[in-house]
Amino acid sequence: MSSPFPTNLVAAANAGRIAWVFTARGERNVWVADAPNFEARKVTRYEGDDGIPIAALKLTPDGRTVIYARGSEANRVGEIADPTSTGQKRVQQVWAADVDNGEPRLLGDMGCDEEGCEDIQISPNGEFAVWSAKKQIWIAAISGKDKDKETNKKKDKDQANAKALFFARGSNSQPKWSPDGKELAFVSDRGDHSFIVIYEFGRNTLRY
């Protein structure tokens, strides 16, 4: 059961860099390699066989930052698996880590409720990440440099900056950016039917 294996191979759109999730002796971490030699190196430093999966791995277009979901999907009552029976409440969250320093920073909660439902999409300019959570579409600044308006201080690396992009009825998922980053398409499931919806940034409108 401790055999090493790689999964989730992705490539940067505008840089000679690839990334993947590597599991070795049960420890799951993000690794990268650069052209032309592609020498592998570890980015994150999660330790121990805790059974917590890493999914939906993405690289920003410039290859400088990895984004991923960490934690299992939620069950029917919204609970996340606790593989090592620690007695602590587990969560499924979206994280970002700069390849140069590998320090993860929290973007926000996910908690999707189906197998393989994790779906993080990066904006064409590499500045924002969107994903589906709590039946809505959420957005977060990847840089983590948003400042708190009240304290005027940078947010802590473990403080989420994600927010719901808008409110729409139904269960909303599968967000996709337009090539210019000015619009976002997604699916709104209403139970017995669904809509394809387009959200336009700046105008804050929904078109069905």
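Two strands pair if DSSP finds at least two bridges between them. The structure above is a predicted model.

**Exercise 1.** State how strand 1 and strand 2 pair, and over how many bridges.

*Solution.* Step 1: locate strand 2 at residues 17-24. Step 2: count the bridges to strand 1; there are five. Step 3: read the sense of the pairing, which is antiparallel. Step 4: take one pair of residues as an example: A11 stands opposite I18 in strand 2.

**Exercise 2.** Find the strands at the edges of the open sheet with the order 1-2-3-4.

*Solution.* Step 1: note that the pairing in this sheet of four strands is antiparallel. Step 2: strand 1 (5-11) and strand 4 (41-42) each have a single partner strand, so they stand at the edges and one side of each lacks a neighbour in the sheet.

**Exercise 3.** Describe the open sheet that contains strand 9.

*Solution.* Step 1: write the order of its four strands, 9-10-11-12, with antiparallel pairing. Step 2: strand 9 and strand 12 (163-164) have a single partner strand each, so both are edge strands with one side left without a neighbour in the sheet. Step 3: strand 9 pairs with strand 10 (residues 128-133) over two bridges. Step 4: within strand 10, A129 stands opposite I122.

**Exercise 4.** Decide where the model's confidence is high and where it is low.

*Solution.* Step 1: the protein averages a pLDDT of 89, and 93% of the residues score at least 70. Step 2: confidence is highest in strand 9 (residues 121-122), at 98. Step 3: over residues 147-154, pLDDT stays under 50. Step 4: where pLDDT is low, the predicted coordinates should not be read in detail.

Definitions and conventions:
Residues numbered from 1 in each chain as written. Predicted model: local features only at pLDDT ≥ 70, side-chain atom pairs only at ≥ 80, totals over all residues. Heavy atoms only, no water. pLDDT = per-residue confidence, 0-100. Contact = heavy atoms within 4.5 Å.
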